[in-house]
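Work through the exercises below with the model in view. Try each task before you read its solution.

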Amino acid sequence: MDFVIAPSSFSSLLNHNYNKNNIFYCCYNNTFNQNKNKSRFSVPSTAALTKFNTVAFGYDYRRNPCCLRIACSRPGVMDSSKPDISKPKIVTGPGGYVLEDVPHLSDYIPDLSCYPNPLQDNPAYSVVKQYFVHVDDTVPQKIVVHKDSPRGIHFRRAGPRQRVYFESDEVHACIVTCGGLCPGLNTVIREIVCGLYHMYGVKKVSGIDGGYRGFYAKNTVHLDPKAVNNIHKRGGTILGTSRGGHDTSKIVDSIQDRGINQVYIIGGDGTQRGASVIFEEIRKRGLKVSVAGIPKTIDNDIPVIDKSFGFDTAVEEAQRAINAAHVEADSIDNGIGVVKLMGRYSGFIAMNATLASRDVDCCLIPESPFYLEGGGGLFEYIERRLKENGHMVIVIAEGAGQELLSESMTQKDASGNKLLKDVGLWISQRIKDYFSKQRKMHINLKYIDPTYMIRAIPSNASDNVYCTLLAQSAVHGAMAGYTGFTSGLVNGRQTYIPFNRIIEKQNKVVITDRMWARLLSSTNQPTFWSPKVSIADKGSEDELSDNGICGQEDPRFN
Ligand SMILES: Nc1ncnc2c1ncn2[C@@H]1O[C@H](COP(=O)(O)OP(=O)(O)OP(=O)(O)O)[C@@H](O)[C@H]1O
Ligand SMILES: O=P(O)(O)OC[C@H]1O[C@](O)(CO)[C@@H](O)[C@@H]1O
Ligand SMILES: [Mg+2]
């Protein structure tokens, strides 16, 4: 049996023990459509719904757009136990379906008001059929499946929702950028500001100056579409950035004192960890503040997502260094060009730049240990390439071969990241010494280190589009009351990923994966796999993928 009730009756729902029904329909304000801007309606909090062991609720679009449908799994059974909101929100369904859901403000704030999304009145969007994302839309993490595979893990699809949990003039948003620079930071800032302003009518946006410590150590800057109009054409971040300085309670105090209720945090793996603890503290204090992360890092070391913004731009810029190394090496007898590229723990930039270039004979990354001397070693390979071709190009990621350098570096940066020794200089010297002293062979080695040049530039066209989508998704998510999420691309779709998934591990190149195999077959370099190291040691089966990214299974091993 279905019930149709008025919104005011939600509380009475909780006071009765319904025995037979398992679906409630709540018709809220019937004048809603004529009087959109004035209408307010209240939905039951998650805590209230749990009393009914609720499995789902949402609008019954097809039957009545003004109708809230509440489905209860076990009709009439009152359950007074509260859900543990600190645990990841996992929703399971038939066929092995798993939704790794993101937190929502209503999980810990009872009886939150919500409002019709102002986008429904926006001429740019109201013509789009099904512009609002359906409440049940989710995106699978794994798209290569077998006939009998379980449906697997899914993430909530990003995009505008029919209801928002903030009124436009209630929002005070802030944006902060942390960690190293990355192409596209300014584009993301611009699009968050413009998205809030133009799509949701939000006028109050503050920029936090200089990373996390700016929350409590500096004044904020006011951001509006005029202030950010041309910033996407510049590299860097107009807000400044920093490492270290994360003091959770001072940051949350500052958020509270300033009356900020939407926090957009742009940064890499460290930044997302910082965002996660900020979110936890905000939830502990019961504040109506949405925390949204936007993943940034040229290293591409953030898991789950297809890739991070700015990565393609960095790879493109790295081509210029590789080209120069190739031209130099090719123009002289026994020329060797060595190019060092960024990539602290993950070799994605080196791998993709190598694959893109085709001029590289050897790519060395942190994930693939290598050795210099003896059969199958680097020196033997260099000598062979020089004999065959007269020149060669080596690309080395900054984090590669650190274990081979005499003393390892113990110093850390302000964020706790291990500082690295200059492996480019070291390897260049070792190659020179080997050929002049041991092989008595004259070589010409040119070492190119483009360092910051690949990240201190504006983003290219495709990264600009990507940044725009990430920023807009984050804005839609925060306005819809989601929190504790990172906006990210999964299998080409915009999604909301819970912080716990984003911070649980670092994304690394899997060297038993197809992508690395493609690179090996393109360069013809040795694998440097000593017989002692088995394939199983090189990466766990459930971390293999088709694109060299951990966390997505490769069907070869299923
Ligand atoms: N575990 C953590 N808890 C709280 N804050 C953290 C944590 N790890 C890092 N942070 C903070 O996040 C910010 C950025 O971290 P980090 O310098 O590691 O850069 P990142 O975000 O990983 O970006 P990238 O590696 O691309 O430069 C710093 O202000 C740092 O203090
Ligand atoms: O010198 P900084 O600013 O600490 O940044 C260097 C690091 O930042 C990155 O670009 C991103 O983490 C790394 O590749 C590099 O090791
Ligand atoms: Mg990092």
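**Exercise 1. The shell around ligand 1**

How do the residues of the shell around ligand 1 divide into nonpolar, polar and charged?

*Solution.* Keep in mind that this is a predicted model.
- Step 1. Find the shell: 22 residues surround ligand 1.
- Step 2. Sort them. The shell holds 3 nonpolar, 15 polar and 4 charged residues.
- Step 3. Look at the closest ones. They are Gly 179, Gly 180, Gly 268, Gly 270 and Gly 274.
- Step 4. Trace the shell back to its elements. Helix 8 (residues 269-285) gives the largest share, 6 residues.

**Exercise 2. How far to trust the model**

State the mean pLDDT of the protein chain, then find stretches where the pLDDT is below 50.

*Solution.*
- Step 1. Take the chain as a whole. Its mean pLDDT is 85, and 79% of its residues reach 70 or more.
- Step 2. Check residues 1-80. Here the pLDDT is below 50, and the stretch has 108 contacts in the model beyond near neighbours in sequence.
- Step 3. Check residues 534-558. The pLDDT is again below 50, with 51 contacts beyond near neighbours in sequence.
- Step 4. Draw the lesson. Predicted coordinates should not be read in detail where pLDDT is low.
- Step 5. Turn to the complex. The predictor gives it an ipTM of 0.99 and a pTM of 0.84.

**Exercise 3. The overall build**

How many helices and strands does the protein chain have?

*Solution.*
- Step 1. Count the elements: 15 helices and 22 strands.
- Step 2. Ask about burial. Of the 558 residues in the protein chain, 47% are buried.
- Step 3. Ask about contacts. Take those between residues at least 6 apart in sequence; 74% of them join residues at least 24 apart.

**Exercise 4. Two domains and ligand 2**

Where does ligand 2 lie with respect to domain 1 and domain 2?

*Solution.*
- Step 1. Set the bounds. Domain 1 covers 90-308 + 459-490, and domain 2 covers 311-403 + 420-457 + 510-523.
- Step 2. Place the centres. Taken over C-alpha atoms, they are 37 Å apart.
- Step 3. Inspect the contact. Domain 1 puts in 17 residues and domain 2 puts in 16 residues.
- Step 4. Sort the side of domain 1 that touches domain 2: 4 nonpolar, 9 polar and 4 charged residues.
- Step 5. List residues around ligand 2. Among them are Gly 180, Thr 297, Met 342, Arg 344, Glu 398 and Arg 455.
- Step 6. Sort that shell too. It divides into 2 nonpolar, 4 polar and 5 charged residues.
- Step 7. Conclude. Both domains give residues to the shell, so ligand 2 lies between them.

**Exercise 5. The annotated binding site**

Which residues does UniProt list under "binding site", and why can they be said to gather at one spot?

*Solution.*
- Step 1. Read the record. The unreviewed UniProt entry places this feature at Gly 180, Arg 243, Gly 244, Gly 268, Asp 269, Gly 270 and Thr 271.
- Step 2. Compare sequence and space. These residues span 92 residues in sequence, yet no two of their C-alpha atoms are more than 13.0 Å apart, so they gather at one spot.
- Step 3. Take Asp 269. This residue is found in helix 8. Asp 269 is buried because 25 other C-beta atoms lie within 10 Å. Leaving out residues up to four places away in sequence, Asp 269 touches Thr 297, Asp 301, Ile 302, Ile 503 and Gln 506.
- Step 4. Take Arg 243. Its place is the loop between helix 6 (225-228) and helix 7 (248-258). Arg 243 has 20 other C-beta atoms within 10 Å, so it is buried. With the sequence neighbours up to four places away set aside, Arg 243 touches Gly 179, Asp 413, Ala 414 and Ser 415.
- Step 5. Take Gly 244. This residue also lies in the loop between helix 6 and helix 7. Gly 244 has 16 C-beta neighbours inside 10 Å, so it counts as partly exposed. Beyond residues up to four places away in sequence, Gly 244 touches Ala 414 and Ser 415.

**Exercise 6. An enclosed helix**

Why is helix 10 (residues 348-357) described as largely enclosed by the rest of the structure?

*Solution.*
- Step 1. Count. In helix 10, 8 of the 10 residues are buried, so the helix is largely enclosed.
- Step 2. Name some of the buried residues, including Phe 348, Ile 349, Met 351 and Ser 357.
- Step 3. Find the packing partners of the buried residues. They are helix 9 (311-330), strand 17 (335-341), strand 18 (362-364), strand 19 (391-397) and helix 15 (514-523).
- Step 4. Look just after helix 10. Arg 358 takes a positive phi of about 70° there.

Definitions and conventions
Residues numbered from 1 in each chain as written. Chains lettered and ligands numbered in written order. Predicted model: local features only at pLDDT ≥ 70, side-chain atom pairs only at ≥ 80, totals over all residues. Helix = DSSP H or I, 4+ residues; strand = E, 2+ residues; numbered from the N terminus. Buried ≥ 20, exposed ≤ 12 C-beta atoms within 10 Å, placed from the backbone. Contact = placed C-beta atoms within 7 Å. Near = placed C-beta within 6 Å. Nonpolar A, V, L, I, M, F, W, Y, C, P; charged D, E, K, R; others polar. pLDDT = per-residue confidence, 0-100. Domains from an automatic or database assignment. UniProt positions renumbered as here; feature names shortened; annotations may be inferred.
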